[in-house]
Amino acid sequence: MPMPMTLSYAALCAVLVLLEVWAQVDRSRATRRAELLFGAGIAGIAGSGSSGGKAGPAARVVRERLAGLGKEWLCLPVALALALWGESVLPLVAGAVAVPLVRRRLRAAAHRRAVERHAGAVRGLCDVLVGELRAGAQPAEALTTAVRAVGRDLSGPEPALVVAAARFGGDVPEALRKAARRPGAEGLVGVAACWRVAVDGGAGLAAGLDRLRAALRAQQDQRESLRAQLAGAWSTVVVLALLPVAGLVMGWAMGADPLNVLLHTPAGLGCLVVGGLLEAMGFWWAGRIVRGGVAS
């Protein structure tokens with residue numbers, strides 16, 4: 001077997017080993033969460049099925065170190081495999097450059113998921129609160145039940161402050177406004193306004209919250225409709241971004257050596273640089289157009 005292929009297979013094995021270690025790290029994170037929530041007993045049950053025994057101190061330290069790493073670091077073993085396959089250091093440089101970019105994309109995606117989770121929690125809170133009020137519960141009791149029902153989807157200490165204000169006669173609107181500072185939880189400002197009007201003016205709290213949740217549902221339906229309309233555009237952007245990779249794979253399947261041409265010849269290096277810049281500019285521009293449609 002040629003030396004480049006041997007190194008490529010070795011790099012592939014290293015990537016697979018790293019993925020397995022990452023899976024072990026995810027299981028250890030789940031075990032730690034179970035330990036925090038339910039105590040050491042349930043954590044021992046969760047860990048016994050995955051590890052088969054207690055890990056040593058060195059293995060535990062390694063897992064804790066790896067647990068702090070993000071998935072963006074997987075770019076490095078992939079770049080290492082390409083570098084060994086193409087016998088060039090350029091893929092390693094590209095992998096190192098890709099790490100902060102991928103980290104930024106992952107954090108943006110996590111932020112979007114948190115915003116959607118908070119917005120869904122606010123809508124759920126309005127649903128539970130209106131149901132409790134119409135069932136005859138007192139406002140403070142209904143708000144406590146609603147916050148506890150959706151509190152797992154609202155991050156931060158603010159939900160506990162809202163419950164404390166409702167149970168012990170605190171400033172509920174102010175606590176709701178503080179909770180509304182979380183991205184995606186802006187609808188709690190409307191809940192605070194309805195609460196303030198109901199307390200000061202004697203208006204029906206359930207009626208105001210019913211109109212608020214209808215407005216929140218309409219806003220969510222509009223976002224979902226826009227996201228569905230832009231799904232085709234996003235698919236086109238992804239397909240266009242993957243076309244160069246598909247070309248390299250086709251060239252390799254036809255018996256050519258595209259990586260050798262791109263990484264070891266002046267013409268190939270020029271094509272790689274120009275093509276990479278055009279690819280990045282096209283992807284950025286297409287993403288900007290789609291994001292502009294979402295923002296409008």
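Start your tour by selecting C126: its relative accessibility is 0%, so C126 counts as buried (buried means under 20% relative accessible area, exposed over 50%, partly exposed in between, with a 1.4 Å probe and protein chains only). Before you go on, know that this is a predicted model, where local features need pLDDT of at least 70, side-chain atom pairs count only at pLDDT 80 or more, and totals for chains, interfaces and linings use all residues. Residues are numbered from 1 along each chain as its sequence is written, and side-chain values use heavy atoms, leaving out hydrogens and water.

**Stop 1: the cysteines**

Keep C126 selected and add C194. The sulfur in C194 is the closest cysteine sulfur to that of C126, but at 7.9 Å it is too far for a bond. A disulfide is a pair of cysteine sulfur atoms within 2.5 Å, and the structure holds 0 of them. Now click on C271, which is exposed, with a relative accessible area of 54%.

**Stop 2: the whole chain**

Zoom out and switch to cartoon view. How many helices and strands does the protein chain have? You'll find 12 helices and 0 strands (helices are DSSP runs of H or I with at least four residues, strands are runs of E with at least two, and both are numbered from the N terminus). Buried residues make up 28% of the 296 residues. The accessible surface comes to about 18,300 Å², and 67% of that belongs to carbon and sulfur atoms (areas come from the Shrake-Rupley method with a 1.4 Å probe, and for residues only the protein chains shown count as cover).

**Stop 3: helix α4**

Select residues 75-86, which are helix α4. With 12 residues at 1.5 Å a residue, α4 should span 16 Å, and its end C-alpha atoms are indeed 16 Å apart (the expected span is 1.5 Å times one less than the number of residues). Color P77, A79, A81, A83 and G86: these α4 residues are buried. Just after α4, look at E87, which takes a positive phi of about 55°.

**Stop 4: salt bridges**

Side chains of opposite charge can pair when their charged atoms come close. A salt bridge here is a side-chain nitrogen of Lys or Arg within 4 Å of a carboxyl oxygen of Asp or Glu, and the count comes to 10.

Show E72 and R103 as sticks; their side chains meet in a salt bridge, 3.1 Å from N to O. E72 sits in the loop between α3 (57-67) and α4 while R103 is in helix α5, so this pair ties together parts that are 31 residues apart in sequence. E72 is buried at 7% relative accessibility, whereas R103 is partly exposed at 22%.

Next, select E158 in helix α7 (residues 158-167). Is E158 buried or exposed? At 15% relative accessibility, E158 counts as buried. Leaving out residues up to four places away in sequence, E158 touches K178, A179 and R182 (contact means heavy atoms within 4.5 Å). R182 also forms a salt bridge with E158, with the closest N and O atoms 3.4 Å apart.

Then find R227 and E224, whose side chains meet in a salt bridge at 3.1 Å, N to O. Both lie in helix α10 (residues 205-253), 3 residues apart, about one turn of the helix. Salt bridges that share partners also join D127, R134, D210, R213 and R217 into one network.

**Last stop: a nonpolar patch**

Turn on the surface and select L80, V89, L90, L92, V93, V97, L101, L269 and L272, which make a nonpolar surface patch of about 710 Å². Patches use residues with over 30% relative accessible area and no salt bridge: like charges are joined within 9 Å, nonpolar side chains (Val, Leu, Ile, Met, Phe, Trp, Tyr) within 5 Å. The largest share, 5 residues, comes from α5. Finish on L269 in helix α12, which is partly exposed at 31% relative accessibility.
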